[in-house]
Amino acid sequence: AVFYAFYARHPALGWSAPPARAALVALCAAWTLATAVRLARFNVSSAHGPVAHYLGTPSTMTPGIVGVAFLTALKYSDAAWTAPERSDPWRLLGPVRLDAALPWLPLLLAVGAAGMLSPLRVPNLGRLRSRALTIVLAVTVTVGYTAGLFHRLPEYLLAGGLVYLAACVVFHLRSIQGGKPPSPGKA
């Protein structure tokens, strides 16, 4: 809904003319359908008790990453896109400009939908055995929630989400090489 509302209202980004708007609607519909299928698959697969991993990127993590990618691109683009809202003055990326990325962000809906439906093995973080990893995760999540609460540092949240996604890919690759998934605490 956020992507559709934003991109349909801004013709300069290229998604409001009839053929592109139809593509935007298709991307939004694919996202919604993928989320529904992902949640249905999760409900069916987790009905047998706790698991060491899930299949596909979580339907909570995926929109989080896509959402903060959108916020980061807006923060580092022309301020006119977000007027009259004030942008976050804390700029971890310095003078970087992401104006050129803004028109391409709706394509992340297709990437996210594919990720939710993928066979990627994502570790169940509730079953971590490593105390150090649990502490790092707790600190990262605490800083992330604090930044989000104060509407600051979407680039930090994006980096955290991408690092976690990369860790999921490593976990997946290690688990398919060994024939069975490794313990999430050892990934």
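Colleague: Glad to look at this one with you! What is the N to O distance where the side chains of Arg 97 and Asp 99 meet?

Modeller: Happy to help, and please keep in mind that this is a predicted model. A salt bridge needs a side-chain nitrogen of Lys or Arg within 4 Å of a carboxyl oxygen of Asp or Glu. The side chains of Arg 97 and Asp 99 meet in such a salt bridge, with an N to O distance of 2.8 Å.

Colleague: Is Arg 97 buried or exposed, and what about Asp 99?

Modeller: Residues over 50% relative accessible area count as exposed and those under 20% as buried, with partly exposed in between. Arg 97 has a relative accessible area of 52%, so Arg 97 is exposed. Asp 99 has 27%, so Asp 99 is partly exposed.

Colleague: How many salt bridges does a search of the whole structure find?

Modeller: Arg 97 and Asp 99 form a salt bridge. Lys 75 and Glu 155 form another, at 2.9 Å from N to O. For the whole structure, the search gives a count of two.

Colleague: Which parts of the chain does the pair of Lys 75 and Glu 155 tie together?

Modeller: The side chains of these two residues meet in a salt bridge. Both Lys 75 and Glu 155 are buried. Because Lys 75 lies in one helix and Glu 155 in another, the pair ties together parts that are 80 residues apart in sequence, namely helix H3 and helix H6.

Colleague: Staying with helix H3, is Thr 72 buried or exposed?

Modeller: Thr 72 has its place in helix H3, which covers residues 61-75. Leaving out residues up to four places away in sequence, Thr 72 touches Leu 93, Leu 98, Pro 154, Glu 155 and Leu 158. The relative accessible area of Thr 72 is 2%, and the cut-off for a buried residue is under 20%, so Thr 72 is buried.

Colleague: Which residues do you find in the loop between H5 and H6 with a positive phi although they are not glycines?

Modeller: That loop runs between helix H5 (131-149) and helix H6 (154-177), and His 151 is found there. Leu 153 is found in the loop between H5 and H6 too. Phi is about 55 degrees for His 151, and about 55 degrees for Leu 153. The residues you are after are His 151 and Leu 153.

Colleague: Is each of them buried or exposed?

Modeller: His 151 has 65% relative accessibility, so His 151 counts as exposed. Leu 153 has 14%, so Leu 153 counts as buried.

Colleague: Which residues is Leu 107 in contact with, leaving aside neighbours within four places in sequence?

Modeller: Leu 107 lies in helix H4 and, at 38% relative accessibility, counts as partly exposed. The C-alpha atoms of Leu 107 and Val 122 are separated by 23 Å, with their positions 15 residues apart along the chain. The contacts of Leu 107 are with Trp 15 and Leu 27.

Colleague: Helix H4 also holds Leu 117. What is the approximate area of the nonpolar surface patch that Leu 117 helps to make?

Modeller: Leu 117 lies in helix H4, which spans residues 107-117. Patches take residues with over 30% relative accessible area, and Leu 117 is partly exposed at 39%. Together with Leu 33 and Val 37, Leu 117 makes a nonpolar patch of about 260 Å².

Colleague: How far apart in space are Pro 11 and Gly 161, C-alpha to C-alpha?

Modeller: Pro 11 lies in the loop between helix H1 (2-9) and helix H2 (18-45), and is exposed at a relative accessible area of 59%. Pro 11 and Gly 161 are 150 residues apart in sequence, and their separation in space is 30 Å.

Colleague: Now the whole chain: in what order do the elements run from the N terminus on?

Modeller: The protein chain has six helices and two strands. Its C-alpha atoms fill a box of roughly 50 × 35 × 25 Å along the principal axes. From the N terminus on, the order is α-α-β-α-α-β-α-α.

Colleague: And one last thing: how far apart are the centres of the positive and negative side chains?

Modeller: The accessible surface comes to about 10,900 Å², with 71% of it belonging to carbon and sulfur atoms. There are 16 positive and 5 negative side chains in the protein chain, and the centres of the two sets are separated by 21 Å.

How values were computed: Residues numbered from 1 in each chain as written. Predicted model: local features only at pLDDT ≥ 70, side-chain atom pairs only at ≥ 80, totals over all residues. Heavy atoms only, no water. Patch = residues over 30% accessible without salt bridge, like charges linked within 9 Å, V, L, I, M, F, W, Y side chains within 5 Å. Areas by Shrake-Rupley, 256 points an atom, 1.4 Å probe, with all protein chains shown as cover. Helix = DSSP H or I, 4+ residues; strand = E, 2+ residues; numbered from the N terminus. Buried < 20%, exposed > 50% of the residue type's maximum accessible area, 1.4 Å probe, protein only. Lys, Arg positive; Asp, Glu negative; His and termini not counted. Charge placed at Lys NZ, Arg CZ, Asp CG, Glu CD. Contact = heavy atoms within 4.5 Å.
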